Amino acid sequence: MPAWERLFKKIVWKQLGDIKDKYILDFGSGEGITADHFAEKNQVVAVEPWEDMLKDAWTDNEYRQIVGDIDSLKEFDDNSFDIIICHNVLEYIDDKENVIRELDRVLKPDGFISLVKHNRNGRVMQMAVLLDDFDKANALLDGENSTASKFGAIRYYEDSQIETWSSDLFIEKTYGIRTFWDLQQNQEKHSDEEWQEKMMNLELRVSELDDFVDIAFFHHLVIRKKGI
């Protein structure tokens, strides 16, 4: 796993804390890295539509893998899961509202959704500072989308839109992820274990400070049901 991805996963997992004895859905599970991590202490169902992503799936711990999309959740009853993980998924889906409503349906009343999404402000920073691409930076500021090398168009959406797609949900907490990492241009440092640890600790320290959250490359939202 690339150094930036290791840092990314570690930060998200630390923000979620020590989870055990829960029934977890990982929707859009990719190579199963997060599903495998939480399967050590929990019962996990992973859903991934791209079968090619599963060729190198992480399977150190046992979990159920489903190849499918949002329709595959029809087999699950209402209020099934304690925790739903949806990391970097909705950007690549057109019908975001339908997905959120279905995740809401299978979430237990006292459960929560861990949702990670691209942050447009962070992408503007990336284009202007790292890639020296002022045209793309300005296009993003004008509301245009961008692209990811593996998954295609990144169709941005605002954090607050989630609460309009399902009136049953509210955003309890917003964390920032990857505020500083990419701004360090010395690539040799990225592979240094001691440097990674210091960077992760700093990232965690600012991940709840609004000024830094606003410019982080990603947002990690903890979403719960109202009335609990």
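**View 1. The largest nonpolar core of this predicted model holds 30 residues.** V12, I19, I24, F38, V44 and I177 are the ones with the most contacts inside this core. Quite a few elements chip in with two or more residues: α1 (3-16), α2 (33-38), β2 (43-48), β4 (81-87), β5 (107-118), β8 (169-177), α8 (193-206) and β9 (218-225). Helix α1 gives the most, with seven residues.

**View 2. Here we zoom in on F38 and the residues it touches.** Skip anything up to four places away in sequence, and F38 touches W13, L16, I19, I24, V44 and I85. There's also a second core, separate from the one in View 1, with 28 residues. I66, F81, V89 and L103 are among the members of this second core.

**View 3. Seven strands make up an open sheet with mixed pairing.** Read across the sheet, the order goes β3-β2-β1-β4-β5-β9-β8. The edges belong to β3 (64-67) and β8; each has just a single partner strand, so one side of each is left without a neighbour in the sheet. On average, neighbouring strands are turned by 15° against each other, ignoring direction.

**View 4. Now for a look at β1 (residues 23-27) beside β2.** These two strands pair in the parallel sense, over five bridges. To find your place, look for D26, which stands opposite A46 in β2.

**View 5. Helix α3 (residues 96-106) lies across several strands.** The strands it lies across are β1, β4, β5, β8 and β9. Against β5, helix α3 runs at about 145°.

**View 6. S166 sits in a loop, between α6 (161-165) and β8.** Is S166 buried or exposed? Its relative accessibility is 5%, so S166 counts as buried, the cut-off being under 20%. The side chain of S166 makes a polar contact of 2.6 Å with the side chain of D104. Leaving out neighbours within four places in sequence, S166 is in contact with I100, R101 and D104.

**View 7. Helix α4 (residues 120-130) has a set of buried residues.** Which residues are they? R120, G122, R123, V124, Q126, M127 and L130 are buried. An α-helix has 3.6 residues a turn, so residues three or four places apart point the same way. The buried residues of α4 pack against β5, α5 (134-141), β6 (146-148) and β7 (152-154). Just after the helix comes D132, which takes a positive phi of about 55°.

Definitions and conventions:
Residues are numbered from 1 along each chain as its sequence is written. This is a predicted model: local features need pLDDT of at least 70, side-chain atom pairs count only at pLDDT 80 or more; totals for chains, interfaces and linings use all residues. Side-chain values use heavy atoms; hydrogens and water are left out. A nonpolar core is a set of buried Ala, Val, Leu, Ile, Met, Phe, Trp, Tyr and Cys residues joined through side-chain atoms within 4.5 Å. Buried means under 20% relative accessible area, exposed over 50%, partly exposed in between (1.4 Å probe, protein chains only). Helices (H or I, at least four residues) and strands (E, at least two) are DSSP runs, numbered from the N terminus. Contact means heavy atoms within 4.5 Å. Two strands pair if DSSP finds at least two bridges between them. Axes are lines fitted to C-alpha atoms, for helices over the stretch in contact, and angles run from 0 to 180 degrees between N-to-C directions. A polar contact is a pair of N or O atoms within 3.5 Å; within protein, one must be able to donate a hydrogen and the other to accept it, and residues adjacent in sequence count only if both atoms are side-chain atoms.
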